[in-house]
Amino acid sequence: MNDLAAEPVTWWKFFLEGDKDALSALYRFYFPVLYEYGVRLHQQEELIKDCIQDLFIKLWTNRRNLQAAHDPRRYLLIALRGAIYNKLKQAGNRKVVPYEQHHDFRLTFSAESAYIKKESASLQSQQLLNALEKMSPRQKEIIYLRFYEEMEYEDISAVMGITVKAAYKLYARALETLKDILHISLPALLLLLSQHKS
Amino acid sequence: MDYHLYTKNDFLEDASVRAYVKGEDPAAARFWEQWLAQQPPNSDAFRDATFLLRHLLSGERIHAQPGTAETLWQHITAAIDTTEATPVRRIRPWWWAAAAIALLLTGSGLAYYLLHYTGTQTIYAAYGKKERVTLPDASVVTLNANSSLRYAKHWGHNGPREVWLSGEAYFEVQHQNGGGFRVHTGQLDIEVLGTAFNVKQRRGITTVFLEKGAVKVDAGTPDKSLVMKPGEEVQYRQQEELLTKYPGDAGAAAWMDNKMILHNTSVKEIVQVLEDTYGYKVMLSDTSIANRRINGELPLKNTQTLLYILSNMLDVSIEVNKADSTLLFKPGQ
């Protein structure tokens, strides 16, 4: 994992020293991650693009006050979250609530996904997808950061603005709601598997 | 790791299980398929976990329209360039006075400092010899034969760490918070974090092979700088002013182990090594030998052994003239 992170950490260091190419490398590396997370948090794509743009301009102008980042992705995701919040507040959006209480996270589970296509016919699969859709936005968010972004709980908690303990709890509760479905249809699954083999 | 005791949740938390489900890692796929084939007692827990994972990962991904990132970056650089154009803050006059007074006060100390701390050290490795150098910050440099390294005798705490290299050397740089480490080769500047890499500067070509860590290579002009990843090699050709990066040859630092690794290596390259590191002058009675390519490993520890093996590999006879250090390669043994 450290090997993977080594390059962006180096770019970050050179960027702090005033190397614009390094900022460009960081931008190109993290744009897809920032864009996807941003749009999931807040549906307006134009607003997210503005936020990413402001974020990188600000990074450059403030670089002398910044410190070495051992995980640029974590830093940038937190910064983006703040930028979205500020932008909405600036725009005089009265409905803005603190991030911790925000109540949306776009994550739509699909039977068409390559991961489950062959199982989509099974009843258990359908039930599981329905249950996933019913998860709370915060639960969806932690599932996304954990399984799509492969983040550690410590980083997840920092990005979501909660304690590590709360992150574990949120994750456990998300899985708890799914447990019953897996459990109930386990015999059915075994039956399916044995039929498949013969 | 005892996977036989794993529960469904343990499997979910295992990065290699996730890599297997995501299809990102052939090694993980092989491992888990073999593991399942042993019919472990908890294979149900594993199947539950992977079943759940596939559904958790079924969410639709969100991508920006193609070109979005590029357009946005142009806006960003345009904005940055505008802010850059604003003038730098002027130094206030009283700062000059303060600086002048400080200089007067430290004048006597300065003379002492100059005498004791500004000397440089030059280490030279002769033909056929290697030298191991420990720098003031405990970084270790192994100098290959016919190479030299120059550096300041005293390095300030967290100050700049700089060395000047001519020839070839392998660097194992101590990581130091805040303090960079630079290698100058006359053609290239290499900026380093805690890292291990090989630098070879011979015949107007500088080659940098990065083993681990990270370095930035700078050929002096703004467009000629590159950031390197482990396993990559960068070559700078002085004459053409050409800086290129490509997957490196892991054998670049084999000379540290007294070996030369040959991957489809031309005889011409081997001859250059014989000349550069051993100081021989090589002559070929049949120049077509130079273009032949060979594979294998050459032991460098003992010159006699090296020449014996080389003559067998190439099916040539090698005549050594000790008086003027000449090697004559002739076809047939």
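These exercises, each with a worked solution, cover a predicted model of a complex.

Residues are numbered from 1 along each chain as its sequence is written, and chains are lettered from A in the order in which they are written. Local features need pLDDT of at least 70 and side-chain atom pairs count only at pLDDT 80 or more, while totals for chains, interfaces and linings use all residues.

**Exercise 1. Confidence**

Task: State the predictor's scores for the complex, then find stretches of chain B with pLDDT below 50.

Solution.
- Start with the complex. The ipTM is 0.85 and the pTM is 0.52.
- Next take chain B. Its mean pLDDT (the predictor's confidence in each residue, from 0 to 100) is 81, and 86% of its residues reach 70 or more.
- Residues 86–91 of chain B fall below 50 and have zero contacts beyond near neighbours in sequence. A contact requires C-beta atoms, placed from the backbone, within 7 Å.
- Residues 110–117 of chain B also have pLDDT below 50, with one contact beyond near neighbours in sequence.

**Exercise 2. Chain A overall**

Task: Give the secondary structure of chain A and its share of buried residues.

Solution.
- Count the elements. Chain A has nine helices and zero strands. Helices (H or I, at least four residues) and strands (E, at least two) are DSSP runs, numbered from the N terminus.
- Of the 198 residues in chain A, 32% are buried. Buried means 20 or more other C-beta atoms within 10 Å of the residue's own; exposed means 12 or fewer; partly exposed lies in between; C-beta atoms are placed from the backbone.
- Look at sequence separation. Among contacts in chain A with a separation of 6 or more, 67% join residues 24 or more positions apart.

**Exercise 3. Helix H4 of chain A**

Task: Check the span of H4(A) and locate its buried face.

Solution.
- H4(A) covers residues 72–90, which is 19 residues. The expected span is 1.5 Å times one less than the number of residues.
- That gives 27 Å; the end C-alpha atoms are 26 Å apart, which agrees.
- List buried residues. They include A:Leu76, A:Leu77, A:Leu80 and A:Ile84.
- Seen down the axis, the buried residues of H4(A) fall within an arc of 165 degrees, so they line one face. The arc is that of the directions from the helix axis to the C-beta atoms.
- The face turned away from the buried side carries exposed A:Lys89 and A:Gln90.

**Exercise 4. A loop residue**

Task: Is A:Arg64 buried or exposed?

Solution.
- Place the residue. A:Arg64 sits in the loop between helix H3 (45–61) and H4 of chain A.
- Count C-beta atoms. A:Arg64 has 8 others within 10 Å, so A:Arg64 is exposed.
- Check a partner distant in sequence. The C-alpha atoms of A:Arg64 and A:Gly18 are separated by 8.6 Å, with their positions 46 residues apart along the chain.

**Exercise 5. Strand pairing in chain B**

Task: Trace the partners of S7(B).

Solution.
- Strands pair if DSSP finds at least two bridges between them.
- S6(B) (residues 181–184) and S7(B) (residues 189–192) run antiparallel, joined by four bridges. B:His184 stands opposite B:Asp189.
- Inspect the hairpin. Four residues lie between the strands, and B:Gly186 takes a positive phi near 95 degrees.
- S7(B) also pairs with S10(B) (residues 215–218), antiparallel, over four bridges. Here B:Glu191 faces B:Lys216.

Terms used:
Contact = placed C-beta atoms within 7 Å.
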